[in-house]
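Student: I'd like to learn how to read a structure like this one. Can we go through it together?
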Amino acid sequence: MKISKIFLYDEPAVSQLNVSNLKNFLLETFSVDVEIKKCIFNNLNEKTIERISGCRIFEPKIPFKWHLPDRQEIDFEKSICEDTKLMEKTTMIEDAKRIEDVVMYDGFEVQNILCDIIMENDPDPNNLHIIFTNRLICTYDTADSRYHGRSVICSNPAIISTTGMVEAPARPREYYFEAMKCKIQGLSIQSVKKNYNGKFLDYHDRRLSKITEGYLLQTIFYYITGDAFCDSLDCRLNNAHWQKDLLYSQLKIGILCNKHQALLDKLHL
Ligand SMILES: [Zn+2]
């Protein structure tokens with residue numbers, strides 16, 4: 001697909017996500033027009049809020065089933081649409097007592113709704129819309145029959161979730177073991193986190209914006225070539241399953257591999 005213009009939808013709750021810098025990064029990397037838009041989840045109509053609430057996952061081991069939200073759930077959805085800080089609180093897996101308390105959404109269902117919102121005003125398929133959100137977006141994996149958090153959902157609109165970046169790529173195994181021990185004893189896991197300082201991305205991490213650049217590249221490569229990812233760790237298109245790989249590819253390496261750089265040069269974008 002060709003791209004005429006890229007639209008970036010801001011997520012104001014994550015101040016570390018510097019959308020102006022991300023716009024500049026795109027302008028330096030591609031010769032396409034980029035426009036910043038306001039948070040897409042603000043000022044939605046009642047019907048759309050109800051549809052989004054219907055995408056929530058309540059049981060991570062069951063494939064998606066449409067959920068008919070009640071009045072209370074719709075009001076709750078409305079409050080987190082308008083108050084993204086509140087939204088974040090409801091996605092913090094580490095603070096939740098039970099996984100059912102974490103607000104999770106089926107990523108493809110939310111993407112369909114966002115697509116409808118965007119198409120109403122901009123039906124041009126050459127415009128790529130990329131939505132930043134702190135919502136925890138998940139997809140069901142038939143390989144192990146459960147939902148998993150995702151950092152990015154490609155296609156148009158593409159969704160990049162900051163909560164997904166923190167939660168989806170795994171932390172060191174020892175960390176989970178130590179954190180679980182703390183939880184069982186009723187202690188805060190903050191001291192465990194301190195022991196692993198900098199080893200994984202955290203909420204409001206100052207590295208979030210730089211890492212987001214890599215996910216932006218993945219959404220754009222997917223849109224143009226149908227392939228978002230690269231097997232090489234020495235490439236920003238690497239689809240990291242571990243936090244250490246994510247930090248390595250995006251921060252230590254911070255460039256495309258030779259193959260993908262050559263592809264980008266050939267595309268004359
Ligand atoms: Zn590559």
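Tutor: Sure, let's start with pairing: two strands pair if DSSP finds at least two bridges between them. Here, strand 6 (residues 136–141) and strand 7 (residues 146–149) run antiparallel and are joined by four bridges. Strands (E, at least two residues) and helices (H or I, at least four) are DSSP runs, numbered from the N terminus.
Tutor: Before we go on, this is a predicted model: local features need pLDDT of at least 70, side-chain atom pairs count only at pLDDT 80 or more, and totals for chains, interfaces and linings use all residues. Residues are numbered from 1 along each chain as its sequence is written.

Student: Which residue stands opposite tyrosine 140?
Tutor: That's tyrosine 147 in strand 7. The two strands form a hairpin with four residues between them, and serine 145 in the turn has a positive phi of about 55 degrees.

Student: How do helix 1 and helix 9 cross?
Tutor: Axes are lines fitted to C-alpha atoms, for helices over the stretch in contact, and angles run from 0 to 180 degrees between N-to-C directions. Under 35 degrees is roughly parallel, over 145 roughly antiparallel, 65 to 115 roughly perpendicular, and the rest oblique. The axes of helix 1 (residues 19–29) and helix 9 come within 10 Å and cross at roughly 45 degrees, so these helices are oblique to each other.

Student: Which residues meet there?
Tutor: Contact means C-beta atoms, placed from the backbone, within 7 Å. Asn21, Leu22, Phe25 and Leu26 of helix 1 meet Ser209, Thr212, Glu213 and Leu216 of helix 9.

Technical notes
Contact = placed C-beta atoms within 7 Å. Buried ≥ 20, exposed ≤ 12 C-beta atoms within 10 Å, placed from the backbone.
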